[in-house]
Amino acid sequence: MTPLRAGIVSAIATVILDQASKLWLLNVFDLARRGAVKVTPFFDLVLAKNVGISFGWLQNDGQAAQLALMAVKVIAVVALAIWMVRSHTRLATVALGLIIGGAIGNGIDRFAHGAVIDFALFHIEIGGNTYNWYVFNLADVAIVAGVAALLYDSFLGVPAAKAP
């Protein structure tokens, strides 16, 4: 399989897994009705709708703000796709596919629900205080994994991937 084909497969797989997990949690498991579901002592399933960007920044559910976020996302996906086509290493190409797939998955949410659907919450209790991580989804995991792989490939990979 060529690096480009591997990148495209990673993007498509990311979108499918992300959307399938969200559709299942919303429509089959009915997370909205169940509320927070304790899975382990440190992990819960919760329903959160993020109208902002990463980590809940820039919270604004106005139509103009949502359209602006979608426009930025489209531009980013196009730029990443151009980079992916020009990439020469399998790792960088797959990483870019993960980022593109995650961006598309969250973009589908924004279009369909007016917000990104998040559901995974890690937390820890120390000294009677509970500390929560941000609520996230599989698209977010793919984006973070893609960025980490790009950083690895850029600094330690041979030859290092370069942005166009």
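How much of the accessible surface of the protein belongs to carbon and sulfur atoms? Show the surface to start the tour: it comes to about 9600 Å², and 71% of that belongs to carbon and sulfur atoms. Please keep in mind along the way that this is a predicted model.

**Stop 1: the whole chain**

Switch to a cartoon view and colour by secondary structure. You should find five helices and four strands. Walking from the N terminus, the elements come in the order α-α-β-β-α-α-β-β-α. The protein has 164 residues, and 38% of them are buried. Among contacts with a separation of 6 or more, 62% join residues 24 or more positions apart.

**Stop 2: the sheet**

Now select the strands. The four of them make an open sheet in the order 1-2-3-4, with antiparallel pairing. Strand 1 (37-40) and strand 4 are at the edges; each has a single partner strand, so one side of each has no neighbour in the sheet. From one strand to the next, the twist averages 40°. As a reminder, strands of a sheet pair through backbone hydrogen bonds, either parallel or antiparallel.

Next, pick out strand 2 (residues 43-50) together with strand 3. Six bridges link this antiparallel pair. To find your bearings, show the side chain of phenylalanine 43, which stands opposite phenylalanine 122 in strand 3.

**Stop 3: the hairpin**

Follow strand 3 (residues 116-126) onward to strand 4 (residues 129-132). These two run antiparallel and are joined by four bridges. Select isoleucine 124 here, and you will see tyrosine 131 of strand 4 opposite. Then zoom in on the turn: two residues lie between the strands of this hairpin, and glycine 127 takes a positive phi near 60°.

**Stop 4: helix 4**

Select residues 90-113. This is helix 4, which lies across strand 2 and strand 3 and runs at about 115° to strand 3. How many residues does helix 4 have, and how far does it reach? There are 24 residues, and the distance from the first C-alpha of helix 4 to its last is 34 Å, close to the 34 Å expected at 1.5 Å a residue. Just after helix 4 comes glycine 114, with a positive phi near 75°.

While a helix is on screen, one general point helps with side chains. An α-helix has 3.6 residues a turn, so residues three or four places apart point the same way.

**Stop 5: two nonpolar cores**

Display side chains for Leu80, Trp83, Leu96, Ile100 and Leu150. These have the most contacts inside the largest nonpolar core, a set of 13 residues. Helix 3 (63-86), helix 4 and helix 5 (138-155) are the elements that give two or more residues to this core. Helix 4 provides the largest share, six residues. Centre the view on leucine 96: setting aside residues up to four places away in sequence, leucine 96 touches Leu80, Trp83, Met84, Ser87 and Leu150.

Apart from this core lies another, with nine residues, including Leu31, Leu45, Phe119 and Ala120. The last two stops use some of these residues as landmarks.

**Stop 6: leucine 25 and aspartate 30**

Select leucine 25, which sits in helix 1. Is leucine 25 buried or exposed? Its relative accessible area is 6%, under the 20% cut-off, so leucine 25 counts as buried. Leaving aside neighbours within four places in sequence, leucine 25 is in contact with Asp30, Leu31, Leu45 and Phe119. You can also draw a distance to valine 46, 21 residues away along the chain: the two C-alpha atoms are separated by 9.7 Å.

From there, move to aspartate 30, in the loop between helix 1 (3-28) and helix 2 (31-34). Although aspartate 30 is not a glycine, its phi is positive, at about 55°. With a relative accessibility of 26%, aspartate 30 counts as partly exposed.

**Stop 7: phenylalanine 136**

Finish in the loop between strand 4 and helix 5, where you will find phenylalanine 136. Phenylalanine 136 counts as buried, at 17% relative accessibility. What does phenylalanine 136 touch, not counting residues up to four places away in sequence? The partners are Asp118, Phe119, Ala120, Phe122 and Val141. Phenylalanine 119 lies 17 residues away along the chain, yet its C-alpha atom and that of phenylalanine 136 are separated by 5.8 Å.

Terms used. Residues are numbered from 1 along each chain as its sequence is written. This is a predicted model: local features need pLDDT of at least 70, side-chain atom pairs count only at pLDDT 80 or more; totals for chains, interfaces and linings use all residues. Side-chain values use heavy atoms; hydrogens and water are left out. Two strands pair if DSSP finds at least two bridges between them. Axes are lines fitted to C-alpha atoms, for helices over the stretch in contact, and angles run from 0 to 180 degrees between N-to-C directions. Contact means heavy atoms within 4.5 Å. The expected span of a helix is 1.5 Å times one less than its number of residues. Buried means under 20% relative accessible area, exposed over 50%, partly exposed in between (1.4 Å probe, protein chains only). Accessible areas come from the Shrake-Rupley method with a 1.4 Å probe; for residues, only the protein chains shown count as cover. A nonpolar core is a set of buried Ala, Val, Leu, Ile, Met, Phe, Trp, Tyr and Cys residues joined through side-chain atoms within 4.5 Å.
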